[in-house]
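This report describes one protein chain from its overall fold down to single residues. The sequence and the coordinates come first.

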Amino acid sequence: MSKKNNPLRDLGERIRRRRMALGLSQEVLAERSSLHRNYIGGVERGERNISLINILKIAQALDLNPSALVENLTPPSE
């Protein structure tokens with residue numbers, strides 16, 4: 001996957017920015033979303049291909065509409 005267009009990394013960065021704006025640790029976000037802290041870290045680093053269910057859980061924990069997390073993300077170019 002090209003570094004230029006990496007939707008997993010971009011999604012992770014959006015999650016990290018919102019989490020930090022709310023003053024939450026990865027551990028607190030993990031608790032709120034019923035996910036493991038290590039999983040949240042992997043998502044934020046763009047290492048995890050996150051499922052729709054987990055996007056919904058994280059968005060709810062961040063008090064966001066899920067569309068705010070995925071808006072304008074594009075699949076990686078070949």
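## Secondary structure

The predicted model contains 5 helices and 0 strands. Read along the sequence, the pattern is α-α-α-α-α.

## Overall dimensions and packing

The protein has 78 residues, and its radius of gyration is 12 Å; this agrees with a compact globule of that length, because such a globule would have a value near 12 Å. The C-alpha trace spans about 35 × 25 × 20 Å along its principal axes.

Of the 78 residues, 36% count as buried. Among contacts with a separation of 6 or more, 57% are between residues 24 or more positions apart. The exposed area is about 5100 Å², and carbon and sulfur atoms supply 48% of that area.

## Helix 3

Helix 3 covers residues 37–44 and is mostly covered, with 6 of its 8 residues buried. The buried residues are Tyr39, Ile40, Gly41, Gly42, Val43 and Glu44. They pack against three other elements: helix 1 (7–21), helix 2 (26–33) and helix 4.

After helix 3 comes Gly46, which has a positive phi, near 75°.

## Arg16 and the end of helix 3

What does Arg16 touch beyond its neighbours within four places in sequence? Arg16 belongs to helix 1, and its contacts outside that window are Glu44 and Arg45. The contact with Glu44 includes a polar approach: the Arg16 side chain reaches the backbone oxygen of Glu44 at 3.4 Å. Glu44 is itself one of the buried residues of helix 3.

Is Arg16 buried or exposed? Arg16 is neither, because its relative accessible area of 23% makes it partly exposed; the buried class ends at 20% and the exposed class begins over 50%. Gly41, another buried residue of helix 3, is 25 residues from Arg16 in sequence, with a C-alpha to C-alpha distance of 8.9 Å.

## A nonpolar patch on helix 4

Which residues make the nonpolar surface patch? Leu52, Ile53 and Leu56 make it, and its area is about 300 Å². Leu52 lies in helix 4, which runs over residues 52–61. Leu52 counts as exposed because its relative accessibility is 58%, and the cut-off for that class is over 50%.

An α-helix has 3.6 residues a turn, so residues three or four places apart point the same way. Leu52 and Leu56 are both members of the patch. Helix 4 also takes part in the packing around helix 3, being one of the elements that the buried residues of helix 3 pack against.

How values were computed: Residues are numbered from 1 along each chain as its sequence is written. This is a predicted model: local features need pLDDT of at least 70, side-chain atom pairs count only at pLDDT 80 or more; totals for chains, interfaces and linings use all residues. Side-chain values use heavy atoms; hydrogens and water are left out. Patches are made of residues with over 30% relative accessible area and no salt bridge: like charges are joined within 9 Å, nonpolar side chains (Val, Leu, Ile, Met, Phe, Trp, Tyr) within 5 Å. Accessible areas come from the Shrake-Rupley method with a 1.4 Å probe; for residues, only the protein chains shown count as cover. A salt bridge is a side-chain nitrogen of Lys or Arg within 4 Å of a carboxyl oxygen of Asp or Glu. Helices (H or I, at least four residues) and strands (E, at least two) are DSSP runs, numbered from the N terminus. Buried means under 20% relative accessible area, exposed over 50%, partly exposed in between (1.4 Å probe, protein chains only). The radius of gyration is taken over C-alpha atoms; the globule rule is 2.2 Å times the number of residues to the power 0.38. Contact means heavy atoms within 4.5 Å. A polar contact is a pair of N or O atoms within 3.5 Å; within protein, one must be able to donate a hydrogen and the other to accept it, and residues adjacent in sequence count only if both atoms are side-chain atoms.
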